[in-house]
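Reader: Got a minute to go through this one with me? I'd like to start with the side chains and then jump around.

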Amino acid sequence: MKAIAIIPARYASTRFSGKPLAILGGKPIIQHVAERVSTCIPAFVATDDSRIFDCVTAFGGKAIMTGKHHKSGTDRIHEALEKIEIQPDIVVNVQGDEPFIDIRQIETVIRLFDDASVQIGTLVKPFTSIDEIQNPNAPKVVCDANNNALLFSRSVIPYLRGVDENHWAKYHTYLKHIGLYAYRTHVLNEIIRLPQSPLEKAESLEQLRWLQAGYQIRVAQTDIETIGIDTPEDLQKAEEFLKKCS
């Protein structure tokens with residue numbers, strides 16, 4: 001199977017404007033992401049801003065200009081895919097704010113498609129503390145016996161009845177959703193045509209649109225911890241993490 005990665009990157013961000021171009025360890029965040037991913041599979045940055053486009057091409061990366069109207073990274077990825085000469089079997093959606101993405105995570109999600117029935121793939125990682133579990137910015141997921149996602153939620157799922165919440169992590173393995181997706185190309189072409197669903201609107205989680213429409217999302221587990229950057233404070237934490245790894 002032929003797989004490529006497309007990295008959606010917007011300049012405008014409510015919590016951190018210009019985030020892809022913010023400097024981490026002497027390089028823009030988007031450069032960290034693109035360079036890491038391209039050691040594994042061909043990588044393209046899909047952006048709506050000429051500053052990001054110019055930055056990517058300046059460090060030798062591949063960039064594609066897309067419209068400013070997209071409401072989700074998936075929509076942006078689809079437009080970019082239409083402009084790429086390569087016609088892959090699998091498209092991997094890598095977030096542009098994950099400078100520490102590990103290629104083993106990408107390889108893990110791609111391997112899910114060895115099963116011909118898999119439509120969409122993603123990753124989870126076990127939570128390690130009750131504070132993490134209760135964080136609404138860290139979506140939770142529950143799966144069926146075949147590792148297909150049953151539900152994603154910002155709320156704590158499942159709720160352990162009769163157990164003090166401070167001890168929940170001792171009695172159940174809660175799974176944190178890692179925002180790395182991969183799609184079969186024909187499935188990507190289908191899901192971008194779906195209207196927003198009630199569950200998606202309620203939770204502000206795009207993957208719920210796909211589940212509610214009847215698509216399956218196969219889940220693989222990773223034990224690799226990464227640091228995403230949502231705010232300037234996260235960037236400072238990332239700098240500290242980078243120094244420890246050096």
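**Salt bridges and beyond**

Author: Sure. E200 and R209 are both buried, and their side chains meet in a salt bridge, 2.7 Å from N to O. Keep in mind that this is a predicted model.

Reader: How many salt bridges are there by this rule?

Author: The count comes to eight. Another one of them links the side chains of D49 and R51, at 2.8 Å from N to O.

Reader: And D49, is that buried or exposed?

Author: D49 is buried, with a relative accessible area of 8%. R51 is partly exposed at 45%. The cut-off for buried is under 20%, so D49 at 8% falls on the buried side.

Reader: What does E79 pair with?

Author: E79 meets K83 in a salt bridge, 2.9 Å from N to O. E79 counts as buried at 14% relative accessibility, while K83 is partly exposed at 48%.

Reader: OK, back towards D49. Where does D48 sit?

Author: D48 is in the loop between β4 (43-47) and α2 (50-58). D48 is buried too, with a relative accessible area of 11%.

Reader: Which residues is D48 in contact with, leaving aside its neighbours within four places in sequence?

Author: There's A9, R10 and Y11, then M65, T66, G67 and K68, and also R76.

Reader: Switching to helices. How many residues of α1 are buried?

Author: Seven of its 10 residues, so that helix, residues 29-38, is mostly covered. The buried ones are I29, I30, Q31, H32, V33, A34 and V37.

Reader: And which residues are buried in α4?

Author: In α4, residues 103-111, the buried ones include Q105, I106, T108, V109 and I110.

Reader: What do the buried residues of α4 pack against?

Author: They pack against helix α1 and several strands: β1 (3-9), β6 (90-93), β7 (120-126), β10 (175-184) and β11 (217-221).

Reader: What does D102 do at the start of α4?

Author: A side-chain oxygen of D102 comes to within 2.8 Å of the backbone nitrogen of R104.

Reader: You mentioned β7. Is K125 buried or exposed?

Author: K125 lies in strand β7, and K125 is buried, with a relative accessible area of 9%. Leaving aside neighbours within four places in sequence, K125 touches Y174, L175, K176 and I178, plus T222, D223, I224 and E225.

Reader: Let's do aromatics. How many aromatic pairs does the structure hold?

Author: Six. In one of them, the ring centres of W168 and Y174 are 6.4 Å apart and the planes are at 25°, so the pair is stacked. Y181 and Y183 also form a stacked pair, 6.3 Å centre to centre with 20° between the planes.

Reader: Why do those angles count as stacked?

Author: Because planes under 30 degrees apart count as stacked. W168 and Y174 are at 25°, and Y181 and Y183 are at 20°.

Reader: Are the rings of W168 and Y174 on buried or exposed residues?

Author: Both W168 and Y174 are buried. Y181 is buried as well at 7% relative accessibility, and Y183 is buried at 0%.

Reader: Which residues form the aromatic cluster with W168?

Author: Y159 and Y174 join W168 in one aromatic cluster.

Reader: Now the backbone. Where's the cis peptide bond?

Author: It joins I157 and P158, with omega at about -5°. P158 is in the loop between β9 and α6 (168-171).

Reader: Why check for that, and for positive phi?

Author: Because most peptide bonds are trans, and most residues other than glycine have a negative phi.

Reader: So what's the phi of N147?

Author: Near 65°, a positive value in a residue other than glycine. N147 is in the loop between β8 (140-143) and β9, and N147 is partly exposed at 43% relative accessibility.

Reader: And S204, what's the phi there?

Author: Phi of S204 is about 55°, positive although S204 is not a glycine. S204 is found in the loop between α8 (198-203) and α9 (207-212), and S204 counts as exposed at 54% relative accessibility.

Reader: Last one, the surface. Which residues make the nonpolar surface patch of about 250 Å²?

Author: L150, L151 and L199 make that patch. L150 sits in strand β9, residues 149-153, and L150 is exposed, with a relative accessible area of 54%.

Conventions. Residues are numbered from 1 along each chain as its sequence is written. This is a predicted model: local features need pLDDT of at least 70, side-chain atom pairs count only at pLDDT 80 or more; totals for chains, interfaces and linings use all residues. Side-chain values use heavy atoms; hydrogens and water are left out. A salt bridge is a side-chain nitrogen of Lys or Arg within 4 Å of a carboxyl oxygen of Asp or Glu. Buried means under 20% relative accessible area, exposed over 50%, partly exposed in between (1.4 Å probe, protein chains only). Patches are made of residues with over 30% relative accessible area and no salt bridge: like charges are joined within 9 Å, nonpolar side chains (Val, Leu, Ile, Met, Phe, Trp, Tyr) within 5 Å. Accessible areas come from the Shrake-Rupley method with a 1.4 Å probe; for residues, only the protein chains shown count as cover. Helices (H or I, at least four residues) and strands (E, at least two) are DSSP runs, numbered from the N terminus. Contact means heavy atoms within 4.5 Å. A polar contact is a pair of N or O atoms within 3.5 Å; within protein, one must be able to donate a hydrogen and the other to accept it, and residues adjacent in sequence count only if both atoms are side-chain atoms. Rings of Phe, Tyr and Trp (its six-membered ring) pair if their centres lie within 6.5 Å; planes under 30 degrees apart count as stacked, over 60 as edge-to-face and the rest as tilted.
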